[in-house]
Amino acid sequence: MSIGEIWAILRRRWYFMVPFTVLSLLGGAYLYETVPVSYQSQSSVALLDSSAVARLAPTFGNPISNAGGSLIVTADVLIRTLESSDAAKELHSRGVTDPYTTGFAPDSESPLLVLSVTGTDRAKVLKETDILTAFAGEQLDALQAAAKVPSAYLVQTAPVVLPQTPVAESKNRYQGIAAVVILGVVSAFLLSILVEGVTVVRRRRNAAARPRQARAPTRERVGWLNRRVDATAILTVYLALAFFIPSNLALPALGGVGTPANVFALLGLLWYLATWLGGRILPAPGTRFVRVSMCVLGTAVLMAYIADAMRESSHQEVLGADRGLIGYLVWVSLVVLTSAAMQERGRLDVLMRRVVVLASVVAAIGFYDFFAATNIADSIHIPGLQTSVAQVSAMDRGAFTRPRATTAQPLEFAGMLAILLPFAIQQAFDPVRRHRHVLRRWAPVVLMGGALPLSVSRTSIIGLLLVALVMVPRWKPARRWAAIGVMTASVAVFKVLVPGLIGTITALFASFLSNSDSSTQARTVKYSAIVPYLKEHPLFGRGFGTFTPDLYFFTDNQYMLTLAEMGVLGLVALLVLFITGIHHGGAIRRLARTESDRELGQAFFASSLVALVSSATFDSLSFPMFAGMFFLVLGAGGSYLGFVRREAAAAAAPAVARKVSEDRLPQLVESR
């Protein structure tokens with residue numbers, strides 16, 4: 001369906017669009033007038049070592065210099081005390097009736113606490129922040145008195161930042177207004193399309209009942225509004241936005257899920273619904289299984305959302321759960337567009353080639369970041385977008401700068417390239433593209449495969465090994481030994497061109513195996529820290545999107561994060577997704593009638609296996625570019641499987657018909 005057709009439908013169904021739009025605007029205006037502006041004031045408090053433990057700095061006796069990591073546990077106990085129900089009751093009796101929060105200062109490794117109060121009365125909020133700051137010191141003294149700590153060992157509090165003048169927090173207010181307006185307009189849009197679709201079906205039935213009459217041919221209007229739009233065109237725009245706008249830049253109102261690519265994917269889902277409800281398209285046959293797996297994930301997301309609504313969650317957690325629903329809809333749109341909306345295999349082949357080409361460009365940017373020791377994404381600033389990741393900067397490991405190109409983090413860069421590398425290899429060997437220049441076929445493989453070790457991470461090396469272990473053994477001996485020789489030569493080339501890189505990577509795995517790696521130890525410690533949250537809500541979790549680092553901590557493991565947010569049901573749903581992708585690859589290879597299709601199935605198998613394993617090394621689905629590419633590949637695998645099944649059925653039909661006709665031939669009976 002073209003944009004011109006959609007616009008014509010909306011004009012014909014103006015009696016839905018106009019009233020709903022006016023009502024949504026009136027609702028937004030009502031919220032603007034009735035919902036008061038909230039104000040927030042903050043103060044910062046540092047914990048100081050006792051005089052018997054730490055000596056004051058000699059210059060001016062600076063007390064802040066004594067704030068150290070040894071008081072982290074003390075600060076954590078104080079935070080939990082201030083967040084307890086008893087403390088809330090005591091503060092309420094002192095006049096602190098507005099919501100307040102306590103926690104560690106962001107990006108601080110010292111015992112520095114941030115106290116904040118949010119309310120609608122500016123003067124009252126400032127007064128309540130003063131009370132909360134003083135109350136924090138009293139609670140620390142009470143805790144030490146209850147533990148009978150000698151006076152020489154008493155820990156003290158020192159206000160570092162006094163209660164600040166309350167500032168307006170209008171973001172939440174405008175989010176509610178925008179939600180009402182968007183809900184009204186989208187409802188009117190879908191209702192108009194649905195009514196148009198019902199009308200089209202009735203017309204077809206009436207036309208089938210009446211005798212056909214010759215009609216003069218109608219001339220189609222020429223113009224960009226009337227050009228046919230298909231899923232490949234929409235997903236190409238999505239890929240351009242996803243690859244070339246840094247994934248840490250997002251709309252402020254939507255947080256990390258509000259990247260321009262994700263917003264465009266939601267618009268693509270509306271296009272598909274309009275085309276489907278309008279009777280212009282039917283879901284591609286044989287592709288239902290991948291959408292059923294998404295329904296399983298959707299059930300887990302909804303149950304986790306209900307679990308979050310039923311417990312006493314903070315306002316930030318509620319917003320996180322809402323963002324989780326938006327993120328899930330983005331994933332649904334990618335799967336639906338790549339599976340249900342793909343009607344021609346040629347267009348799907350075009351899409352996968354574009355994925356590989358654009359990913360190789362991102363890999364080339366990674367080369368620049370590595371050798372220039374910078375991050376090119378830091379210099380990209382787009383009006384209206386702000387970073388959703390705190391302090392994104394160049395990350396080093398050993399003597400090397402870890403590139404991230406336009407991704408949010410080097411691990412996302414490595415994971416995204418690892419799941420797309422199998423398709424670059426498959427396309428390089430594809431007989432259909434043998435007439436292409438060798439550089440056009442193999443440049444993406446060199447760029448993507450070469451950029452993976454430059455990320456200096458175990459995730460990238462594990463991804464490379466998995467791709468090799470899955471794809472190489474299936475090749476013919478000549479190609480297999482050539483590939484082994486190329487990989488061996490590549491190691492030698494890296495050792496010569498980038499001295500020290502191979503040694504740094506080897507040391508990473510050596511420290512991991514000897515359990516002496518600090519990053520590995522930090523991750524394993526977090527596993528036990530998640531257990532208490534899992535015990536509270538074992539089946540449905542705390543809410544998808546609520547276990548954020550600013551409220552809790554980084555998990556660095558997608559499976560542990562899923563257990564915390566969606567419980568056991570969510571973990572099962574996640575495994576179903578990965579197994580679905582692996583099933584697509586295996587089924588395509590089993591049903592394929594050509595060697596090219598068999599290698600394509602092996603590429604889908606390798607990609608899904610890499611996603612399955614690498615999700616244990618970082619919280620993969622929390623990064624928009626990795627998640628987007630994973631779900632796009634998942635839907636594409638379901639679509640290819642549908643095409644291969646239909647081709648196999650079409651090839652088998654003549655053989656069956658021939659066999660039936662032979663059975664119907666008269667049999668000669670031997671006469672005696």
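Start by selecting helix 3 (residues 72–82) and helix 5 (residues 122–146), whose axes come within 10 Å and cross at roughly 115°. Helices here (H or I, at least four residues) and strands (E, at least two) are DSSP runs, numbered from the N terminus. The axes are lines fitted to C-alpha atoms, for helices over the stretch in contact, and the angles run from 0 to 180 degrees between N-to-C directions. That crossing makes helix 3 roughly perpendicular to helix 5; the bins are under 35 degrees for roughly parallel, over 145 for roughly antiparallel, 65 to 115 for roughly perpendicular, and oblique for the rest.

Helix 3 passes helix 5 in a right-handed crossing. The convention: a crossing is left-handed if the near helix is turned anticlockwise from the far one by less than a right angle, and right-handed if clockwise. For the contact itself, show T74, V77, L78, T81 and L82 on helix 3, then F135, A136, Q139, L140 and L143 on helix 5. Contact means heavy atoms within 4.5 Å. Sorted by class, this patch has seven nonpolar, three polar and no charged residues. In that scheme Ala, Val, Leu, Ile, Met, Phe, Trp, Tyr, Cys and Pro are nonpolar, Asp, Glu, Lys and Arg are charged, and the others, Gly among them, are polar.

Before moving on, a word on what you have open. This is a predicted model, so local features need pLDDT of at least 70 and side-chain atom pairs count only at pLDDT 80 or more, while totals for chains, interfaces and linings use all residues. Residues are numbered from 1 along each chain as its sequence is written, and side-chain values use heavy atoms, with hydrogens and water left out.

Now zoom out and colour by pLDDT, the predictor's confidence in each residue, from 0 to 100. The chain averages 81, and 84% of the residues score at least 70. Which stretches drop under 50? Residues 56–69 are one, and the model has 16 contacts for them beyond four places in sequence. Residues 668–672 also stay under 50, with zero contacts of that kind.

With the whole chain in view, you have 20 helices and nine strands. Buried residues make up 46% of the 672 residues, where buried means under 20% relative accessible area, exposed over 50%, and partly exposed in between (1.4 Å probe, protein chains only). Among contacts between residues at least 6 apart in sequence, 78% join residues at least 24 apart.

Next stop: helix 11 (residues 345–372) and helix 13, which pack at an angle of about 45° with their axes 8 Å apart. The two are therefore oblique to each other, and their crossing is left-handed. Select V356, A359, S360, A363, A364, F367, F370 and F371 in helix 11, and you will find them meeting P444, L447, M448, G450, A451 and L454 in helix 13. By class, that contact has twelve nonpolar, two polar and no charged residues.

Follow the chain out of helix 13 (438–454) and into the loop before helix 14 (458–471), and stop at V456. What is odd about the backbone of V456? Its phi is positive, about 50°, although V456 is not a glycine. V456 is also buried, with a relative accessible area of 0%.

Keep V456 on screen and add T504, which touches V456 along with R397 and F400, leaving out residues up to four places away in sequence. T504 is found in helix 16 (residues 501–513) and counts as buried at 18% relative accessibility.

For another positive phi of about 50° on a non-glycine, go to A405. Look for A405 in the loop between strand 9 (400–402) and helix 12 (410–429); at 0% relative accessibility, A405 counts as buried.

Then jump to G635, in helix 20 (residues 624–664). Is G635 buried or exposed? Buried, with a relative accessible area of 0%. Not counting residues up to four places away in sequence, G635 touches V290, V335, T338 and S339. Try a distance label too: G635 and T287 are 348 residues apart in sequence but 8.6 Å apart in space, C-alpha to C-alpha.

Finish at L329, in helix 10 (residues 315–339). L329 is partly exposed, with a relative accessible area of 43%. Setting aside neighbours within four places in sequence, L329 is in contact with L266 and L269. L269 is 60 residues away along the chain, with 8.6 Å between its C-alpha atom and that of L329.
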